[in-house]
Amino acid sequence: MLLAIAVILPTVCLLWFMSQAVKNERLAARQKLVDVYHQRTEELISSLDQIWTDYATNIETEISSREPIELFTYLVPHLLRTNKLGPYGFCQSAVIYDSDGTLLYPIVQIELGDISGPKGEFESAWQMEFVEKNFARALTIYEEIADAAEDNYRWRKAVIGQVRCLRALGDLPKARSLCHDAAYERRPNVSQQASIRLMADARVLLTEMYRDTGDYSHLINLIVTATGYNRRSGPAFIPMDSNTRIFLLRKSIEYFQQSKLAEEYKYRISSAKWWLAAEEFAAGAAMRYPSTDSFRYWTTASFHRLDMEGDVYGFYHKTSEKQVLLLGHAEDVSNSLGPTLNRVQTSDVSCRVVDNTGAFVTGLRQPVAKAFLAVPMGKSFPGWKVELYFNDAGVFEKAASKQVTVYMWAGILVIVLILAAGGFAAQAVGKQIRLNRLKNDFIATVSHELKTPLASMRVLVDTLLEGNYKDQKQAIEYLQLTAKENERLSRLIDNFLTFSRMERNKQAFAIVKTSPVEIARAAAEAVKTKFSHGRCEFEVEINEDLPDVLADHDAMVTVLINLLDNAYKYSYDDKHIKLRVFSEDNSVCFCVSDNGMGLSRRATKKIFKRFYQVDRSLSRHVEGCGLGLSIAKFIVDAHRGTISAESKPGEGSTFTVKLPVGNQASKGYK
Ligand code: ADP
């Protein structure tokens with residue numbers, strides 16, 4: 001028990017330590033990797049901060065100095081002209097406010113300017129033109145209004161009326177020439193948005209009238225107007241509001257696509273499409289954020305998700321003069337962040353960026369595991385996070401596996417050593433215990449078995465010495481009894497000595513070719529006198545032509561005497577004992593049978609063990625110390641033979657010793 005504890009306890013402790021060590025190794029590997037990536041992410045974030053702060057500084061002077069409409073072209077064409085990486089890749093459109101937060105661009109609410117004039121002055125013209133279809137009369141009225149008009153708006157409106165009437169009357173050359181005037185003459189300023197709209201309409205009308213002539217100069221002028229944001233772009237430039245510009249862009253794209261110039265001007269068309277998208281984007285954002293009220297707490301040069309349909313982001317920047325909100329979609333953020341993020345991403349690690357609302361922006365779309373690191377993205381991205389994921393969930397295992405293998409093998413080795421040491425110790429202790437038990441049994445049996453004959457001898461000798469006998473005959477009888485006890489004592493001591501030698505493995509046998517007949521005769525002779533007493537029938541049946549066996553004659557005689565002695569001892573008064581010797585299957589068999597008390601099946605299995613006795617009570621009437629059969633088995637085993645017992649309680653027993661015949665047995669001894 002103690003030994004088992006001594007083995008199990010350290011093994012369990014070792015296993016526990018091993019599992020702790022393995023766990024710690026994994027944690028250490030994880031911490032190491034996390035530290036490395038933390039460092040890299042910090043570098044990434046400071047470089048992101050640097051990039052966007054630099055960008056904000058770069059555009060600062062332009063923001064302050066430019067007119068809103070020009071500023072729009074400055075901010076947005078960065079996207080069109082430079083490559084789409086880095087900060088310049090982000091801006092798809094822009095909304096511009098003044099320092100108080102009032103919207104400057106796109107122009108969504110227009111000032112119609114001074115459009116006053118005599119009441120109903122156009123009504124009679126429209127009556128003629130649209131109701132009575134009297135285009136000549138309508139033309140005259142429009143001419144009169146135009147001549148009299150001092151303000152830009154009324155003049156242009158009247159001229160456009162004349163153009164319509166001339167077209168209806170079929171005077172196309174004059175209509176075109178007047179339309180040209182309405183489209184390019186008497187340029188309105190930015191405050192006269194109503195007139196600007198008419199000017200834009202006139203340019204569309206002019207393009208339409210030249211459509212079938214093969215003269216595309218007006219079509220080209222139209223697209224130049226639509227994409228012209230700069231005063232310096234000459235007569236094509238008109239400072240129009242957002243809706244008018246969107247209208248012109250759409251019209252010019254449509255007319256170009258229908259014209260023969262579609263192929264030649266395809267880059268121009270696609271650029272117009274970009275502008276259209278930028279304008280529509282800006283118009284949408286300006287509707288949602290007509291002033292900076294809803295983001296007045298945003299820090300300058302910072303990114304935010306906008307409250308608009310789709311994944312829309314804004315980069316907010318403020319100077320002393322203006323405030324701008326640069327607009328882009330999630331993929332634009334992704335494009336501009338991409339090269340920087342790639343510095344952290346490896347084959348083992350993927351990045352994921354989430355915005356201030358926790359929504360996915362770029363990187364790994366659907367992570368399967370939890371992020372091992374989530375770091376705030378710095379002041380340019382308030383509330384945003386970079387999350388890092390391992391591509392392979394078992395990466396810590398791999399990092400730790402080498403060390404873990406060393407631990408495992410060391411652990412297994414130590415466990416094997418402990419078990420081996422435990423095994424050896426158990427064997428040694430077991431042997432010691434068995435020896436002790438044997439010694440105790442031996443002492444108990446020897447003292448008991450020696451005491452009985454010694455005591456009876458002492459009584460007999462004392463009786464003789466004291467002269468307490470009737471006559472000479474009785475004295476002789478006492479002496480005979482003493483001799484018998486003496487003989488019994490000698491036999492016992494012989495057995496003890498044989499056993500003792502056996503224990504020390506010192507029993508050396510003189511094995512030679514021997515006749516089994518002689519062995520059997522010698523044994524029968526030895527017990528004859530004893531068996532002649534009382535009612536004992538002793539039968540000996542020996543086949544004369546038996547082959548020789550390789551045996552120690554005396555030892556085999558001892559075996560048979562022990563068996564015969566037992567047959568005598570364990571039989572009742574009417575004894576019938578038989579010794580048979582015969583050959584069978586290359587063996588010689590010695591069979592001793594009796595009609596005695598027999599043995600149970602359980603006892604039959606145990607009787608060849610040392611000191612085993614069926615009846616161990618001190619009151620049993622037969623002598624013996626439980627060694628006879630074990631000695632017999634030892635001797636027979638040394639002869640490469642077998643010994644067995646067949647018995648039934650109350651029906652007697654048969655003990656059979658089988659020895660291989662001479663030439664067979666000799667093989668075993670060579
Ligand atoms: P012991 O000295 O006690 O006779 P043995 O080794 O010769 O020791 O025998 C062991 C036990 O086997 C005996 O105690 C006895 O109970 C049983 N035994 C041996 N031979 C016979 C037999 N012929 N019939 C019944 N029991 C036997």
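Start by selecting helix 10, residues 242–258: its 17 residues reach 24 Å from first C-alpha to last, close to the 24 Å expected at 1.5 Å a residue. That expected span is 1.5 Å times one less than the number of residues. Helices here are DSSP runs of H or I with at least four residues, strands are runs of E with at least two, and both are numbered from the N terminus.

Before you click further, note that this is a predicted model: local features need pLDDT of at least 70, side-chain atom pairs count only at pLDDT 80 or more, and totals for chains, interfaces and linings use all residues. Residues are numbered from 1 along each chain as its sequence is written, and side-chain values use heavy atoms, with hydrogens and water left out.

**Stay on helix 10**

Show the side chains of S242, T244, R245, I246, L248, L249, S252, I253, Y255 and F256, which are buried in helix 10. Buried means under 20% relative accessible area, exposed means over 50%, and partly exposed is in between (1.4 Å probe, protein chains only). What covers these residues? Colour helix 2 (68–75), strand 2 (103–105), helix 8, helix 9 and helix 11 (266–288), which are included in the cover. Contact here means heavy atoms within 4.5 Å.

**Helix 8 and helix 9**

Next, select residues 193–210 (helix 8) and 217–227 (helix 9): their axes come within 8 Å and cross at roughly 155 degrees. That angle makes helix 8 roughly antiparallel to helix 9. For the cut-offs, under 35 degrees is roughly parallel, over 145 roughly antiparallel, 65 to 115 roughly perpendicular, and the rest oblique. The axes are lines fitted to C-alpha atoms, for helices over the stretch in contact, and angles run from 0 to 180 degrees between N-to-C directions.

Turn on sticks for R203, V204, L206, T207 and Y210 of helix 8, then for H218, L219, L222 and T225 of helix 9, and you have the contact. By class, those residues are 5 nonpolar, 3 polar and 1 charged. Nonpolar covers Ala, Val, Leu, Ile, Met, Phe, Trp, Tyr, Cys and Pro; charged covers Asp, Glu, Lys and Arg; the others, Gly among them, are polar.

**Helix 7, on to helix 8**

Keep helix 8 on screen and add helix 7, residues 172–184; the two axes come within 7 Å and cross at roughly 150 degrees. Helix 7 and helix 8 are therefore roughly antiparallel. Which residues make the contact? On helix 7, pick A175, R176, C179, H180, A182, A183 and Y184; on helix 8, pick M199, A202, R203, L205, L206, M209 and Y210. This contact has 11 nonpolar, 1 polar and 2 charged residues.

**Helix 4 and helix 6**

Now jump to residues 123–132 (helix 4) and 152–169 (helix 6), which pack at about 25 degrees with their axes 12 Å apart. That makes helix 4 roughly parallel to helix 6. Select W126, E129 and F130 on helix 4, plus K157, R164 and C165 on helix 6, to see the contact. The split by class is 3 nonpolar, no polar and 3 charged.

**A few backbone stops**

Zoom in on Y105 and P106, joined by a cis peptide bond with omega of about -5 degrees. P106 sits in the loop between strand 2 and helix 4.

Then go to A301, where phi is near 55 degrees, a positive value in a residue other than glycine. A301 is in the loop between helix 11 and strand 3 (302–305). Is A301 buried or exposed? With a relative accessible area of 12%, A301 is buried.

N586 also deserves a click: its phi is positive, about 60 degrees, although N586 is not a glycine. Look for N586 in the loop between strand 13 (575–584) and strand 14 (587–593).

**Distances to try**

Find F499 in helix 14, residues 472–503. F499 counts as buried, at 3% relative accessibility. Draw a C-alpha to C-alpha line from F499 to F256: 243 residues apart in sequence, 125 Å apart in space.

S532 is in helix 15, residues 516–532, and counts as exposed at 54% relative accessibility. From S532 to A136, the C-alpha atoms are 174 Å apart, with the two positions 396 residues apart in sequence numbering.

Finish at A638 in helix 18, residues 628–638. A638 is partly exposed, with a relative accessible area of 22%. How far is A638 from A551 in space? Their C-alpha atoms are 9.3 Å apart, while the two residues are 87 apart in sequence.
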